[in-house]
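Biologist: I would like to learn how to read a structure feature by feature, and I would be glad if you took me through one slowly.
Modeller: Gladly; let us look at it together.

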Amino acid sequence: MNCISLKNVSYKYPYMEEFALQELNYAFETGKCYGIIGANGSGKTTFCNLLRGMIPHFFEGDLTGDVLIEGNDVRNWDSNLLSTKIGYIFQNPFTQISGIKDTVFEEIALGLENLGVEKEVLIDRVIEVVKLLKLEQLIKKNPNNLSGGQKQRVAFASIIAMNSDILVIDEPTSQLDPESSAEIFSIINLLKEQGKTIFLVEHKVDLIAEYTDEVIVLKDGRIALSGSALDVFSNIDLLQMGVMLPQAAMLSYDMQKANKAFDTIAITKSQVIDQIKQRVGV
Ligand SMILES: Nc1ncnc2c1ncn2[C@@H]1O[C@H](COP(=O)(O)OP(=O)(O)OP(=O)(O)O)[C@@H](O)[C@H]1O
């Protein structure tokens, strides 16, 4: 089933002459994890704002074509309903934390509280999410005093508590160290296992290759390339679109140049290991 469909969609910000998004056509399937990549200014954040209905509900400007969310035109959706259906995780965890709650527990409960969820249900739901993300040590702490990585985990917990079907995640690890980034990606894996539809903007292409099912490459607001992570990252044209290839793919191309090509292009570390094992016969 398609959760979001784009039919000939273009968008221009108010007072701008250039289109930020142009002639987009795509059918996004429920339960898949999509990676969104592209050079700076290619339209990734605008694309996220389109997918979550902020365009046209918050951003004015010219939107043409059809954005269908579960078959209904985005213009006909109630914006409050959309914000619970589609969760959004900011690039900067400091922006996501409300700043008005004294404990992590209250912070995670805030979205549910705003929805008027009954207190007992709310407490059960928060406890469930705290266990799932192993946040027990943090629940009594003040969210404002947490590290960036801890804040980002709390931000994920707040969104997961809302039980949104679709999650739009904009560069969640750009401000985190490798250890905190790995923790965030294990949470993204959990969400995949729960069958959520995920849109992930991430500059670290190795992570996109590892975790996503399909990849959309944006260039000047257009979908320049799309398909399975393997198809997209096997395409050397990516380099001309201002996008790096995963290290594994670079190694595959270097092996080709040295006339020692792998049987197939590898895009993840585990695929490289498989190719080497095959070659040395273990
Ligand atoms: N609020 C806005 N008003 C006018 N133009 C905007 C606005 N936000 C973005 N743009 C323009 O739209 C285009 C796409 O920007 P966008 O931020 O979506 O790209 P991006 O790929 O997310 O960039 P980055 O990787 O730098 O975050 C750019 O030309 C940008 O200048």
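Biologist: Which helix gives the most to the shell around the ligand?
Modeller: Please keep in mind that this is a predicted model. To read a ligand's surroundings, one lists the residues around the ligand and then looks up the element each belongs to; here helix α1, covering residues 44–51, gives the most to that shell, with 3 residues. The residues around the ligand are Y13, M16, A20, G38, N40, G41, S42, G43, K44, T45 and T46.

Biologist: How many residues of each class does the shell around the ligand have?
Modeller: By class, the shell has 3 nonpolar, 7 polar and 1 charged residues.

Biologist: Staying with α1, how many of its residues are buried?
Modeller: Burial is read residue by residue along the helix, and α1 turns out to be mostly covered, since 7 of its 8 residues are buried. The buried ones are K44, T46, F47, C48, N49, L50 and L51, and K44 and T46 also appear among the residues around the ligand. Just after α1, G53 takes a positive phi of about 80 degrees.

Biologist: Why is I4 called buried?
Modeller: The idea is to count neighbouring C-beta atoms, and 20 or more within 10 Å make a residue buried; I4 is buried because 24 other C-beta atoms lie within 10 Å. I4 lies in strand β1, which runs over residues 2–12.

Biologist: Which residues is I4 in contact with, leaving aside its neighbours within four places in sequence?
Modeller: With those neighbours set aside, I4 is in contact with F28, L51, L68 and I69, and L51 is one of the buried residues of α1. Distance in sequence and distance in space are read separately: I4 and L82 are 78 residues apart in sequence and 12 Å apart in space, C-alpha to C-alpha.

Biologist: What domains does the domain assignment of the chain give?
Modeller: The assignment gives domain 1, residues 2–245, and domain 2, residues 246–281, and the centres of the two, taken over C-alpha atoms, are separated by 32 Å. Where they touch, 10 residues of domain 1 are in contact with 8 residues of domain 2. On the domain 1 side, α9 (205–211) and α10 (229–233) each supply at least two residues, and α9 gives the most, with 4 residues.

Biologist: How do the residues on that side of domain 1 divide by class, and what should I note?
Modeller: The side of domain 1 that touches domain 2 divides into 7 nonpolar, 1 polar and 2 charged residues, whereas the shell around the ligand has 3 nonpolar, 7 polar and 1 charged.

Definitions and conventions:
Residues numbered from 1 in each chain as written. Predicted model: local features only at pLDDT ≥ 70, side-chain atom pairs only at ≥ 80, totals over all residues. Near = placed C-beta within 6 Å. Nonpolar A, V, L, I, M, F, W, Y, C, P; charged D, E, K, R; others polar. Buried ≥ 20, exposed ≤ 12 C-beta atoms within 10 Å, placed from the backbone. Domains from an automatic or database assignment. Contact = placed C-beta atoms within 7 Å.
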